[in-house]
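Reader: Please take me through one part of this model in detail, beginning with the enclosed space inside the fold and going on to the sheet and the helices around it.

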Amino acid sequence: MTSRRTLLQGAVLGAATALLPTAARSATAPAAGPVLRLPAPTGPHPVGLRTVHLTDPTRTDPWEGGAREVMLTVLYPAREVQGRPRVPQLTPAAAREFADLAPLVHPGLPASGTVDWGAVLTHGHLAAPPLPGRLPALLYSPGGGDSRTLGTSLAEDLASHGRVVVLVDHPGDASQVDLPGGMRDTVLRGEPDPATFRTMIDTRVGDLRLVLDRVLGDGLAGLPPAPTAGIYGHSAGGTAAVSTAHADRRVRAVANLEGYLDLDPLDGFDRPLLLFRTDGFDGADRLTRSWAGRAGERALLAGSGHWAFTDYAALIPALQAAGLVTSTTRAALVGTADPAARLAVLRRRLRGFFDAHTGCARSVWR
């Protein structure tokens, strides 16, 4: 689901977040500009990061044929991180592409060459040794047309509190995905018609079930198999998360961050469900109708726009403070709420929900 703005716009935004905050300067960096940083995770553990490429030979990619591929970022609580560098959110090639796309995706974002998107670092340390034991897992599906990296800050926080979190890119509708065979761009140009949206969600459900097979089976990225798994997703990712749980009982709980639920009947859905929305979403009427009568916990981010569930909640106010984004652009994308206070509410509510329904590191180790 795209938030009623064009999918192409969502794609570029996703890429933008991908680049987020960082301290280093890239080789192609602009001569000057703000230094953007993602909010640090709040948990007791440092975060490790590994990138994984999966191929599913049983499925054909609906967008360009061939075996279906996905790219993953796996974040997890690390035992120690000494000597392990922090990982950039985007590869240099993806960062260059995003710099050109960002102002097209969301008019009002800084022009190419204004911000050093390629200098953004995650808080994940490359291949750091993980904490011992089998840890609960969470899968994340981003918004329609967005990159998986748009969910970095929230995922890092969940990992720092004792979970394995897997960010899933969906090549074809994702803004750009740096696959081993080369860069893959989005096929979406504008709002998808019903058939295209149906293909998007069905493909994402297949991707998420593939990742569940690995996370709960032999383990992923060299980590032990997880004892439990939940899914959360933003926008179209929220739609896909609920559809996946409806199709696959291995999913213990689902958090839907402002995704429509009118694609499928979802008859008999009985898993714990968190329905989280903002008060500034331009698809609010459809969202309200699609959630009507649906059992689940309700939560609201006040003073917020649709992308307040993503890293843009911190990024765009920083760009505004640097004079590179107007108050109108900020209000339209993420709202006017205080970024730190809003993020604390989102992190706390999501952690509490998954603690209650999928377990946490403390309960697993007991």
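Author: A cavity here is a set of grid points where a 1.4 Å probe fits but cannot get out, and its lining residues are those with an atom within 4 Å of such a point. The model is a predicted one, and on that definition it holds five cavities of 30 Å³ or more. The largest cavity contains about 50 Å³ of space, and its lining is made up of Tyr76, Pro130, Leu131, Gly133, Arg134, Leu135, Val164, Leu223 and Pro224. By class, seven of these lining residues are nonpolar, one is polar and one is charged.

The sheet can be described next. It is an open sheet of 10 strands with mixed pairing, in the order E3-E4-E1-E2-E6-E5-E9-E10-E11-E12. Its edges are formed by strand E3 (86-88) and strand E12 (297-301), each of which pairs on one side only, and neighbouring strands are turned against each other by 30° on average, direction ignored. At one of these edges, strand E11 (residues 273-278) runs parallel to E12 and is joined to it by five bridges; among the residues involved, Arg277 has Leu300 in E12 as its bridge partner.

Two helices that pack on this sheet deserve a closer description. Helix H4 (residues 194-216) touches strand E1 (47-60), strand E2 (67-77), strand E5 (137-141), strand E6 (164-169), strand E9 (229-234) and strand E10 (251-257), and its direction makes about 120° with that of E1. Helix H5 (residues 236-247) also packs on the sheet, where it touches E5, E9, E10 and E11, with its direction at about 150° to that of E9.

A charged pair links helix H4 to the sheet as well: Asp207 forms a salt bridge with Arg59, and their closest N and O atoms are 2.7 Å apart. Because Asp207 lies in helix H4 and Arg59 in strand E1, this pair ties together parts that are 148 residues apart in sequence. In the whole structure, the search finds 20 salt bridges.

A further long-range approach involves Gly43, which is placed in the loop between helix H1 (7-19) and E1. Gly43 and Ser160 are 117 residues apart in sequence, yet their C-alpha atoms are 4.4 Å apart in space. Once its neighbours within four places in sequence are left aside, Gly43 is in contact with Asp157, Ser160 and His161.

Notes:
Residues are numbered from 1 along each chain as its sequence is written. This is a predicted model: local features need pLDDT of at least 70, side-chain atom pairs count only at pLDDT 80 or more; totals for chains, interfaces and linings use all residues. Side-chain values use heavy atoms; hydrogens and water are left out. Two strands pair if DSSP finds at least two bridges between them. Helices (H or I, at least four residues) and strands (E, at least two) are DSSP runs, numbered from the N terminus. Axes are lines fitted to C-alpha atoms, for helices over the stretch in contact, and angles run from 0 to 180 degrees between N-to-C directions. Contact means heavy atoms within 4.5 Å. On a 1 Å grid over the protein atoms alone, a cavity is a set of points where a 1.4 Å probe fits but cannot get out, and a pocket is an open set with protein on both sides within 12 Å along at least five of seven lines; lining residues have an atom within 4 Å of a point. Grid points are joined across faces, edges and corners, and a volume is the space filled by probe spheres set on the points. Ala, Val, Leu, Ile, Met, Phe, Trp, Tyr, Cys and Pro count as nonpolar, Asp, Glu, Lys and Arg as charged, and the others, Gly among them, as polar. A salt bridge is a side-chain nitrogen of Lys or Arg within 4 Å of a carboxyl oxygen of Asp or Glu.
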